[in-house]
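Hello,

I am passing this structure on to you, with a few notes to help you find your way around. Have a look at it first, and then read on.

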Amino acid sequence: DGLDSGDYYFVEIKAPAGYVLDTTKIEFTVTKAGEVISKSLVNYEVPTITKDIEGAEQFDVESGTEYTYNLTLNLPASIHEYTEFVVTDTLDARLTYADDWSVTGVNKENIAFTKTETEAGEEVLTWTFEKLNALKDVNQVVISFKAEIKADAQLVEGETGIPNDATLQFNNGHGGEGSVTTEEVIVKPSD
């Protein structure tokens, strides 16, 4: 309303809650008769990630005994258009990765896995999805990996266990990028 006839465009500058920004120019035309000829804007949902330990938010286990973390990724319908989709889990220095991970919902070969270590002794586990077009029509992916509490792990005063979370970093291929972090889950030494 109120625009002279001509060619125009708009760009989304803020996405609605739960959606990722799309900075693509959306062109439209206002004809001399006042008719608007336009394209529609697509709202891209923010992917979600949750984490559990053996299906729970808190888990008691003896030091040196393997247990399983599960990272559940709920994928947006446009996941095949994304240009970046990376999950990172930094294990507290009192925990150790047990050299075993699996995935459901996508072929393991579509994911590059790396393990590095920080100067503080934290193991950084990273899963980089390399073939995002292989995720078309996939609603959910679950990454599971085994870990242990180190034998010398000690809780500090006031701690109820050893916290851990994971972060998903993404780029939707349309100018929207961001990250989401899981709620912390707690593993507690039972010995």
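In which sense do strands S9 and S15 pair, and over how many bridges? This is a predicted model, and in it S9 (residues 84-91) pairs with S15 (residues 166-171) in the antiparallel sense, over six bridges. If you would like a place to start, find valine 86, which stands opposite glutamine 169 in S15.

S9 has another partner to look at: S12 (residues 123-129), again antiparallel and over six bridges. Here threonine 90 has valine 124 in S12 as its bridge partner.

Next, the nonpolar core. The largest one holds 39 residues, and those touching the most other members are Tyr69, Leu73, Phe85, Phe129 and Phe145. Among the elements that give two or more residues to this core are S8, S9, S12, S15 and strand S17 (185-189). The largest share comes from S13, with five residues.

Phenylalanine 145 is worth clicking on. Leaving aside neighbours within four places in sequence, its contacts include Tyr69, Leu71, Leu91, Tyr97, Trp101, Leu125 and Trp127, as well as Lys51, Asp89 and Asp100.

Lastly, is threonine 72 buried or exposed? This residue lies in strand S8 (residues 67-74), and it counts as buried because its relative accessibility is 15%, under the 20% cut-off. Beyond its neighbours within four places in sequence, threonine 72 is in contact with Thr48, Ile49, Thr50, Gln140, Val141 and Val142.

Enjoy exploring, and do write back with any questions.

Best wishes

Technical notes. Residues are numbered from 1 along each chain as its sequence is written. This is a predicted model: local features need pLDDT of at least 70, side-chain atom pairs count only at pLDDT 80 or more; totals for chains, interfaces and linings use all residues. Side-chain values use heavy atoms; hydrogens and water are left out. Two strands pair if DSSP finds at least two bridges between them. Helices (H or I, at least four residues) and strands (E, at least two) are DSSP runs, numbered from the N terminus. Buried means under 20% relative accessible area, exposed over 50%, partly exposed in between (1.4 Å probe, protein chains only). Contact means heavy atoms within 4.5 Å. A nonpolar core is a set of buried Ala, Val, Leu, Ile, Met, Phe, Trp, Tyr and Cys residues joined through side-chain atoms within 4.5 Å.
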